[in-house]
Amino acid sequence: MYYSTFLQTLLLFAPFAPSTFAQNDLPLSGVSDPTKRAQFALSSLQIWYDAGSGLYSSTGWWNSANAMTTLANIAKADKTAQTKDLASRVFANTLVQAPAHNPQPGIEQAKTKKRDMDDIMFELEELTGMETGYDKILDNEDELLTIYPQDWRKVSEEYLDVTQLPVYTSSSEKVTVAAADANDWLDGFYDDDLWWALGWIAAYDITEDKEYLTLAKNIFNAVAKTWGTYCGDGGIYWNWKKDYVNAIANELFLSTAAHLANRVDEKEKAAYVKWAKMEIEWFTITDMINDRGTINDGLTEECHNNNRTTWSYNQGVILGGLVELNRASPDEYYMELANNFAKAAIAELSDDNGILHDRCGPYCGPDGSQFKGIFVRNLQMLHEAAPDDAYAEFIKANAESIWNNDRDEGNMLSVNWAGPFINPANASTHSSAMDALVAAIAVK
């Protein structure tokens, strides 16, 4: 079901090609305009886009949702018709193609009615029968490792008629968005589910197509049914096994609820605001926030801080969630909390030159390499809502270092933002670094 990267590139860049080829005649080291830099990075990012699967090759399922969000953000930032058209085609194609590559569909669809304690093992056995081998673990260094089924995204010899893909429609036509089923995007890991929900919200913001917003709502509503953990009967678990309460799943729950609150009608808004407030109220009384003001990975079974790594994305997602919640239901407390998290994270995770690092660096795996961009993406949201020179300088410094020290001759961006470039780059390292380039457009 796959066709050549060259053909994909021609299809995806048809409306973008003239300006791209013209820019390629420039000495790239002399390109200082943040928008042009991000556009070059976009051209490179799309080389990894596999229209046959609707995902970004060289990286994973949840990472592709983040790459799609990066694409939406540049479409919003550079304000060109070409980029918006490209993004619209990618969204429509991913909606159609990607569900077939969900690594573990069906877990959330199982019957999970509340049962007596004697029936808990029966429920677990019922769910276990739907496992595919998809899993996430934290290794000895606390780095996230995602394990995919052996045949995940296996190449098929079946011919794919490219003219049937939404991405192939002429630039003068509106890309038609097919009806979507939230169950196609659920895989048993609630953080994955919510990354996709945020991705579809980003698609809605660019296209104003309510099909994307409805999909995001339905994904969130499915996850909301899992509310209530062994830690104070609040929050959500990391996954369907209910064996770990961590920061990222709960921050994503906050952010998705708050994003939705600002995009639905007034009848629905109150429910999403309530979910967001319930989450942040529960989150701030847990023990995940350490005495330095940063957020550790999660909680022990006894509901204490597990002292695992303060990953950059755990310091970032909460910023966007609080910004959106403050927009939906203004309260100075939310912005004060966001600023405290942001400044604590910059102080703890930056080197002497102000460049962001994660503990796994400079050789992070395909999951850890995604994290830094998520922080900067959300920091830019905070800066837009509450401008701060420290945030602007941090974003510009990281974008500048990426462009000058972490880029190869093909404009591929790697994992070590301080440099030097570490080969090979992939869609995870590139989309993450590109988040910083896109954020720099707003603070130039």
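Visitor: How far does helix H4 reach from its first C-alpha to its last?
Guide: This is a predicted model, where local features need pLDDT of at least 70, side-chain atom pairs count only at pLDDT 80 or more, and totals for chains, interfaces and linings use all residues. Residues are numbered from 1 along each chain as its sequence is written, and side-chain values use heavy atoms, with hydrogens and water left out. Helices are DSSP runs of H or I, at least four residues, numbered from the N terminus, and H4 covers residues 61-78, 18 residues in total. The expected span is 1.5 Å times one less than the number of residues, here 26 Å, and H4 comes close to that with 27 Å.

Visitor: Is H4 largely enclosed or exposed, and how many of its residues are buried?
Guide: Buried means under 20% relative accessible area, exposed means over 50%, and partly exposed is in between, using a 1.4 Å probe and protein chains only. H4 is largely enclosed by the rest of the structure, because its buried residues number 15 of the 18.

Visitor: Which residue just after H4 takes a positive phi?
Guide: Look right where the helix has ended. The phi there is about 60 degrees, and the residue is lysine 79.

Visitor: Which helix gives the largest share of the largest nonpolar core?
Guide: A nonpolar core is a set of buried Ala, Val, Leu, Ile, Met, Phe, Trp, Tyr and Cys residues joined through side-chain atoms within 4.5 Å. The largest one here has 134 residues, and Phe91, Trp200 and Leu379 have the most contacts inside it. The largest share is 12 residues, and they come from residues 190-207, helix H7.

Visitor: Is tyrosine 190 buried or exposed?
Guide: Tyrosine 190 lies in helix H7. Contact means heavy atoms within 4.5 Å, and beyond four places in sequence tyrosine 190 touches several residues, including Glu108, Ile236 and Trp240. Its relative accessibility is 5%, so tyrosine 190 counts as buried.

Visitor: What is the relative accessible area of asparagine 250?
Guide: Asparagine 250 sits in helix H9, residues 247-261. Leaving aside neighbours within four places in sequence, its contacts include Gly235, Glu279 and Trp282. Asparagine 250 is buried, and its relative accessible area is 0%.

Visitor: What does the protein's pLDDT average?
Guide: pLDDT is the predictor's confidence in each residue, from 0 to 100. It stays under 50 over residues 1-27 and over residues 111-120. Still, 84% of the residues score at least 70, and the average is 88.

How values were computed: Helices (H or I, at least four residues) and strands (E, at least two) are DSSP runs, numbered from the N terminus.
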